[in-house]
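Me: I am new to this structure and would like a close look at a single part of it, the place where helices pack together towards the end of the chain. Could you take me through it slowly, and then show me a few other spots for contrast?

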Amino acid sequence: MMNELNTIEVLTCIGEGVTITDSEGVITFMNAAAEELTEWSSRTAIGMDFDKVFSVVNVNTGEAVESPIAMALDAGTAVGLHNHTVLISRSGIKKFISANCSPIRNSEQNVTGIIIIFRDITRIKMIEEELCQERNNLKIHFESSPLGMAIVDRNIVIKQVNPAFVKMTGSGYGGIFEPRLGSGIGCLNSFEKRCGEAEKCALCDLRKSVRQVLQSGEPLNDVIIQQTLMVNGKIQKPWYKINFVPVAVFGEKQVMIVIDDITGQKRNEENVQKARDYYLSILECFPAIVWRIGLDNQCSYINRQWTEFTGVPVEKGLQGGWINFIHPEDISKARAKYYEAFRERKPYNVEMRLQHLSGEYRWVLNMSRPFYNMEGSFDGYIALAFDITDQKAAEKQLEKTKETAESANRAKSEFLANMSHEIRTPLNGMLGMLNLTLMSDLDNRHRDNLKIAKSCADSLLKIINDILDFSKMEAGKLIIDNEDFNIFRLVEDVIKAHSFQACEKSLSLDYQFSAGIPTYLIGDSIRIKQILDNLIGNALKFTEDGGIILSVKKHSKKLDSFELLFSVSDTGIGIAKSEIDRLFRCFSQVDGSITRKFGGTGLGLAISKQLAEMMGGTIWVESKKGEGSTFFFTLPLKVGQVPVKKEVDQNLVKKPNIPLKILLVEDDKVNQIVFQQMLSDKGHTMQIASNGKEALEIIKKEKFDIIFMDIQMPEMDGIEITQRIRQMEGGTKHVPIVAVTAYALKGDKERFLSLGMDEYLAKPMQMEALFSVLDRYAKKIKEMDILNSLQADEKVMNPMETIDLHERIGQHIRSMKKALDNNEIPTIEKEANMLKKLAASIQADELKRIAFTIELAARREDLKSIIREMPRIRNEFENIS
Ligand code: ADP
């Protein structure tokens with residue numbers, strides 16, 4: 001009994017499910033583990049049919065499997081469950097179980113019941129399942145991998161391969177079962193003898209690697225091997241990248257060989273290498289030194305040309321060695337350029353001398369450009385240096401030729417200037433004397449003779465002027481003025497000037513204007529006149545019958561600017577078509593014989609063309625040989641207004657003179673006489689110095705109001721004399737010096753003024769111009785005198801002594817107003833003068849200033865300014881009252 005109880009207790013506590021049935025399969029006992037697995041309590045289950053509580057099905061089909069009770073009773077011995085059997089618990093959960101059903105026999109060996117012992121193996125089943133799955137996956141990977149895989153044993157016999165391996169080697173093992181590796185891949189040596197037995201097999205990298213892995217147990221990765229194979233009767237040399245992985249198959253050490261065919265990649269690399277070599281060979285053969293410098297400022301490449309140039313191996317130029325070949329004087333320049341460019345990663349060029357194999361230094365132009373690597377980052381410079389020695393020499397030669405040409409041109413200009421001076425000086429004298437003599441009492445015959453002489457001198461002057469103009473144009477010194485002028489007056493003057501000549505040749509000379517041309521335009525009237533004079537002069541020269549017409553047409557209009565079309569038509573000899581192109585060139589004339597007949601320099605049209613173009617126009621000709629020519633030119637001109645008249649010049653001769661003390665410095669005797677005669681009846685006193693030394697002596701002793709200074713004189717020229725005079729004055733005094741010169745090319749007005757002169761007069765000197773200068777300085781001197789006397793007056797006037805100064809000032813203002821109403825300008829001047837003095841005595845500075853302005857305006861007869869100042873003086877008077 002005691003034994004029986006112990007058995008039940010043991011069965012109850014056991015970890016596996018235990019169920020006991022009677023011989024009919026009715027449950028008599030169920031332990032706790034069985035309760036948990038079936039989810040039936042023993043109380044309910046006991047007495048129930050075992051198959052109801054222990055419901056088992058095939059997990060795959062879901063069909064009920066044979067009852068283990070029945071199987072055990074049938075077999076009369078212990079039985080297990082079928083594979084894939086699962087227990088369905090009371091709540092419907094499927095559980096993998098393993099069970100053992102054994103019949104219970106009594107002492108007579110009769111079956112009295114069945115004991116079923118079972119356990120949950122779901123977890124084990126799951127692990128099994130996973131393992132299986134994993135194996136399958138590995139197999140799939142193995143089978144489907146694009147990498148060729150083979151497993152070889154210790155004898156390097158292939159045990160297993162995947163399809164990629166077969167495809168890669170293309171051998172299909174040669175039909176051998178478990179071939180050696182060499183035969184498996186179709187190694188050429190294996191066709192000679194069995195794999196591993198041929199002579200070359202001793203060197204086989206594949207075999208070596210497999211053995212190494214077998215020995216070390218460590219994998220060997222990325223072994224790159226080129227194999228020589230025989231595939232389908234053809235020799236091939238694929239490149240493989242192979243991983244050798246140690247594996248254990250059924251406890252035996254084997255090696256898995258994973259092969260990646262990198263033949264394509266290798267070919268690409270080879271192609272890249274070839275391309276690199278190709279371009280490198282181009283660089284090597286480049287007919288200039290090519291070099292590269294890295295971020296470390298070290299030269300990492302130089303091509304072969306280096307050796308050809310310097311005669312030393314490339315290695316000597318690398319890593320900064322090249323610097324030793326640069327001319328010592330050029331090193332710092334080359335370095336500075338490099339570092340400056342390097343900082344900003346800019347391209348740069350530098351010229352420097354490099355030592356040639358001949359020993360001499362030759363000039364090279366080094367052109368460096370920033371170098372960017374494949375990733376696009378700055379990686380130093382790539383540079384090209386080529387020999388420019390010959391080019392430099394050619395440039396030098398060219399420079400020399402240019403200099404020679406320029407100096408020849410300078411010499412020509414110099415010659416022209418000198419010639420103009422030499423001709424103009426006597427001409428100046430001739431014209432001066434002629435003019436003066438013409439002003440005297442003469443009988444008609446003498447007068448006519450002198451007039452002809454004067455016209456000859458005028459013609460000569462015109463030629464000189466043409467040559468001068470031409471020289472100025474060549475030197476780019478001709479300036480175009482823009483002033484208001486009357487176009488009708490200009491044309492009439494030109495016609496008038498030529499009408500005598502036309503009349504002499506019995507030619508008609510007419511002019512016409514199209515409608516709508518404004519009277520006043522803005523432009524350079526002198527230069528327009530010069531072109532017209534040229535064209536009409538030529539027309540008269542080359543016409544024997546008929547006449548000349550000057551026509552001015554309004555060509556086009558844009559806002560306030562016009563384009564005028566001038567044309568000069570004649571009925572003269574005309575010009576052949578073939579000659580027209582040459583016409584506007586310098587010194588060009590149609591026919592030498594005509595030149596002789598008609599004279600001329602061949603400069604007129606060239607000057608006219610340049611002038612027209614400088615004024616923004618164009619010039620051309622239409623002509624027919626034997627029928628006549630028409631010269632056209634256009635000019636863009638702006639609408640102008642009535643020009644301010646320079647009447648002072650005109651009236652000068654009539655005006656009373658203020659006597660001045662004049663010094664003339666002039667070496668030419670004729671010019672001295674002309675000058676003297678021009679001023680003879682003007683009341684001035686004049687002294688003459690024939691050279692610089694004399695002039696300086698005189699100036700030391702005497703004081704002059706004005707000095708007229710010739711520029712070109714022997715020994716000491718006018719410029720030097722002027723500078724010495726200025727030195728003597730020491731900045732405290734300043735005598736006005738007027739440059740008088742025929743030296744018109746060099747003697748630009750601005751130059752003379754910048755050299756300490758105050759005025760400039762060109763020779764041949766015009767009387768009006770001379771008087772205008774004298775008058776201007778006389779006035780200045782008078783104004784200075786007034787100022788001086790004013791200062792003196794201020795000292796004596798005592799405001800305390802005056803009874804009613806304000807009253808007196810008022811009276812003067814009223815008198816001044818009255819004089820203005822009656823247009824009595826001298827009275828205004830007088831009143832203003834008084835007013836100025838009174839204002840000074842009461843220290844009314846502004847009133848004094850306005851009075852003085854009116855006084856000066858009155859002296860200039862400048863009514864406009866007087867009218868403008870009058871209200872101001874009244875306002876100021878009210879302010880101080
Ligand atoms: P020149 O001082 O010799 O007249 P130009 O330059 O004024 O120099 O003229 C050059 C040449 O053009 C003249 O020598 C002449 O052959 C030709 N020519 C100029 N104007 C006329 C014209 N109206 N009729 C015929 N030939 C002309």
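Reply: Here is a walk through the helix packing, followed by a loop residue and two residues elsewhere in the chain.

Before we start, please keep in mind that this is a predicted model, in which local features need pLDDT of at least 70 and side-chain atom pairs count only at pLDDT 80 or more, while totals for chains, interfaces and linings use all residues. Residues are numbered from 1 along each chain as its sequence is written, and side-chain values use heavy atoms, with hydrogens and water left out.

Let's begin with helix H29, which spans residues 845-859, and helix H30, which spans residues 863-880. These labels come from DSSP runs numbered from the N terminus, where a helix (H or I) has at least four residues and a strand (E) at least two. H29 and H30 pack at an angle of about 160°, and their axes are 9 Å apart. (Axes are lines fitted to C-alpha atoms, for helices over the stretch in contact, and angles run from 0 to 180 degrees between N-to-C directions.) That angle makes H29 roughly antiparallel to H30; the word applies to angles over 145 degrees, while under 35 is roughly parallel, 65 to 115 roughly perpendicular and the rest oblique. The crossing of H29 and H30 is left-handed, a term used if the near helix is turned anticlockwise from the far one by less than a right angle, with clockwise giving right-handed.

Which residues of H29 meet H30? From H29 come Glu846, Leu847, Ile850, Ala851, Thr853, Ile854, Ala857 and Ala858. On the H30 side they meet Ser865, Ile866, Glu869, Met870, Arg872, Ile873, Glu876, Phe877 and Ile880. Contact here means heavy atoms within 4.5 Å. Sorted by kind, the residues of the contact of H29 with H30 are eleven nonpolar, two polar and four charged. (Ala, Val, Leu, Ile, Met, Phe, Trp, Tyr, Cys and Pro count as nonpolar, Asp, Glu, Lys and Arg as charged, and the others, Gly among them, as polar.)

H30 has another partner to look at: H27 packs with H30 at an angle of about 155°, and their axes are 11 Å apart. H27 and H30 are therefore roughly antiparallel to each other, and their crossing is left-handed. H27 brings His806, Ile809, Gly810, Ile813, Met816, Lys817 and Leu820 to this contact. H30 answers with Leu863, Ile866, Ile867, Met870, Ile873, Arg874, Phe877 and Ile880. The residues of the contact of H27 with H30 divide into eleven nonpolar, two polar and two charged. You may recognise some names: Ile866, Met870 and Phe877 are among the H30 residues that meet H29, and they also take part in the contact with H27.

Staying in this part, look at the loop between helix H27 (805-821) and helix H28 (825-841), where you will find Asn823. Asn823 has a positive phi of about 60° although it is not a glycine. Its relative accessibility is 49%, so Asn823 counts as partly exposed; buried means under 20% relative accessible area, exposed over 50%, and partly exposed in between, with a 1.4 Å probe and protein chains only.

For contrast, turn to Asn366 in strand E17, residues 361-372. Is Asn366 buried or exposed? Asn366 counts as buried because its relative accessibility is 1%. Leaving aside residues up to four places away in sequence, Asn366 touches Trp291, Tyr348, Asn349, Val350, Met352, Ala383, Leu384 and Ala385. With Trp291, the side chains make a polar contact at 3.1 Å. (A polar contact is a pair of N or O atoms within 3.5 Å; within protein, one must be able to donate a hydrogen and the other to accept it, and residues adjacent in sequence count only if both atoms are side-chain atoms.)

Our last stop is Thr310 in helix H11, residues 305-310. With a relative accessible area of 6%, Thr310 is buried. The side chain of Thr310 reaches the backbone oxygen of Trp306 at 2.7 Å and the backbone nitrogen of Val312 at 3.3 Å. Not counting residues up to four places away in sequence, Thr310 touches Phe325, Gln355, His356 and Leu357. To get a sense of distance, Thr310 and Glu729 are 419 residues apart in sequence and 68 Å apart in space, C-alpha to C-alpha.
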